[in-house]
Amino acid sequence: MKKLFFICLLFLTNWSFGQSSDLNERVKALEDKLQFMEQGLTKTIDDLLWYEKLGDVAIIDKVRYASKPPHVVRNPTGQGAYNPVVIPAYTFIPKKYAESKKLPLIVLIHGGVHGDFNTFYAHIVREMVEQGYIIIAPEYRGSTGYGSTFYRQIDYGAYENDDVLAGKRWAVENIPQVDAERVGIMGWSHGGMITLMNIFDHPEDYRVAYAGVPVSDLIARMGYKTQSYRNEFSSPNHIGKDAAENVAEYRRRSPLWNAQKLKTPLLIHTNTNDEDVNVLEVEGLINALKANGKKFEYKIYQEAPGGHTFNRIDTKLAKESRQEIYRFLAPHLTPPNPVK
């Protein structure tokens, strides 16, 4: 009798553990689904805000174009396994200059490893549209707001570069007012890294570039970031190995280790109290460019308020810093209404 009791108890215990494990997985899946639903709703609301914030000065559109297939194909024999990833992008055409035959184009890249182009950038877009720039802002793979599949296709420094290049080429081919000979590229943080890798690998596509607080050296970055951050890069569906196991791949994706390729006029800004991209990372890039005899401009801000976002906010210093950027871009792109 006791033996039967213990057998029943063991069965019930294993059954409850199984139920608990299954329940945990279901709860996790539900939390995951709700997270991406919330991101999608936030994106939809923010998309509407663009028209509220900039509809008076810009013709605003959201387009989609094809880029490379996923960098990891889980089912290579599946239907459409190697179809190109479809990339959303925002376009802004200045209303004041909409009838102009040709205008310069700025490729404006959002930051954040899993960020998105949202109305945080509205004041910057307004400033540039008022100068007469057409803007395309690609939502490269991994951007937030487009569901779990798109979010998890990020390649952490490789295929996102191609998504942005494809956006630039789409704009040249499909927006009649774009002057193909007057194209600049700019971005902050992860967007700064994409900016740098675009001009290093495709100098013929861009006349000028700006990189603000750019991620510059993934090897150094892995050294001072958290283990969870490192795990994102080294997971099997991304790079697959950590920096110690595949130094060459992390170097291939890092601007610092590609500095010898620079041919494009470039301005770099960084800040000594940046809480995201350590100033030492950007100083390494600056030193590498100098060591390779490259001509470029840079400025290291000392303890500028705002840290990582110091020249994207609304302080007097931030506005002056952005005017410095615009004055750097203007001689190369000749907008109709440049900042004086």
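Which residues of helix α7 (residues 227-234) are buried? In this predicted model, the buried residues of α7 are Tyr229, Phe233 and Ser234. The legends below start with the whole chain and return to this helix at the end.

**Figure 1. Overview of the predicted chain.** The chain holds 10 helices and 8 strands. Its C-alpha trace spans about 95 × 45 × 45 Å along the principal axes. Of the 340 residues, 50% are buried. Among contacts with a separation of 6 or more, 75% are accounted for by residues 24 or more positions apart. As an example of two residues set apart in space, Arg64 and Glu281 are 217 residues apart along the chain, and 34 Å separates their C-alpha atoms.

**Figure 2. Confidence along the chain, with residues 4-13 shown.** The average pLDDT of the chain is 93, and 94% of the residues score at least 70. Over residues 4-13, pLDDT stays under 50. The model has 0 contacts beyond four places in sequence for this segment. Where pLDDT is low, the predicted coordinates should not be read in detail.

**Figure 3. Strand β6 (residues 208-212) and its enclosure.** All 5 of the 5 residues of β6 are buried, so the strand is largely enclosed by the rest of the structure. In a regular strand the side chains alternate between the two faces of the sheet. In β6, Val208, Tyr210 and Gly212 point one way, while Ala209 and Ala211 point the other way. Residues pointing either way from β6 are buried.

**Figure 4. The strands paired with β6.** Strand β5 (residues 178-188) pairs with β6 in the parallel sense over 5 bridges. Within this pairing, Gly184 stands opposite Val208 of β6. Strand β7 (residues 266-271) also runs parallel to β6 and is joined to it by 4 bridges. Here Ala211 of β6 stands opposite Ile268 of β7. Helix α5 (residues 190-201) belongs to a right-handed β-α-β unit together with β5 and β6.

**Figure 5. The nonpolar cores.** The largest nonpolar core has 55 residues. Leu105, Val107, Ile185, Ile199, Phe233, Leu266 and Leu289 touch the most other members. Helix α5 supplies the largest share of this core, 6 residues. A second, separate core has 34 residues, including Val57, Ile135, Val208 and Val213. In soluble globular proteins, nonpolar side chains tend to be buried together.

**Figure 6. Leu105 and Lys168.** Neighbours within four places in sequence are left aside in both contact lists. Leu105 is in contact with Ile134, Ile135, Ile136, Lys168, Ala171, Val178, Arg182, Val183 and Gly184. Lys168 has its place in helix α4 (residues 159-174). With a relative accessible area of 7%, Lys168 is buried, because the cut-off for buried is under 20%. The contacts of Lys168 are Leu105, Val107, Val183, Asp205 and Tyr206.

**Figure 7. Asp46 in helix α1 (residues 2-54).** Asp46 counts as buried at 12% relative accessibility. Not counting residues up to four places away in sequence, Asp46 touches Asn118 and Thr119. Asp46 and Phe120 are 74 residues apart in sequence, and the distance between their C-alpha atoms is 9.6 Å.

**Figure 8. Arg64 in strand β1 (residues 58-66).** Arg64 touches Val86, Ile87, Pro88 and Tyr146, with residues up to four places away in sequence not counted.

**Figure 9. Helix α2 (residues 122-131) and the residue that follows.** The buried residues of α2 are Ala122, Ile124, Val125, Met128, Val129 and Gln131. Gly132 follows α2 and has a positive phi, near 105°.

**Figure 10. The buried side of helix α7.** Tyr229, Phe233 and Ser234 are the buried residues of α7. They cover an arc of only 130° around the axis, so they lie on the same side of α7. These buried residues pack against α6 (218-224) and α8 (247-252). Phe233 is also one of the residues that touch the most other members of the largest nonpolar core.

Terms used:
Residues are numbered from 1 along each chain as its sequence is written. This is a predicted model: local features need pLDDT of at least 70, side-chain atom pairs count only at pLDDT 80 or more; totals for chains, interfaces and linings use all residues. Side-chain values use heavy atoms; hydrogens and water are left out. Buried means under 20% relative accessible area, exposed over 50%, partly exposed in between (1.4 Å probe, protein chains only). Helices (H or I, at least four residues) and strands (E, at least two) are DSSP runs, numbered from the N terminus. Two strands pair if DSSP finds at least two bridges between them. A crossover is right-handed if, with the strands pointing away from the viewer, the path from the first strand over the helix to the second runs clockwise. Contact means heavy atoms within 4.5 Å. A nonpolar core is a set of buried Ala, Val, Leu, Ile, Met, Phe, Trp, Tyr and Cys residues joined through side-chain atoms within 4.5 Å. pLDDT is the predictor's confidence in each residue, from 0 to 100. The arc is that of the directions from the helix axis to the C-beta atoms.
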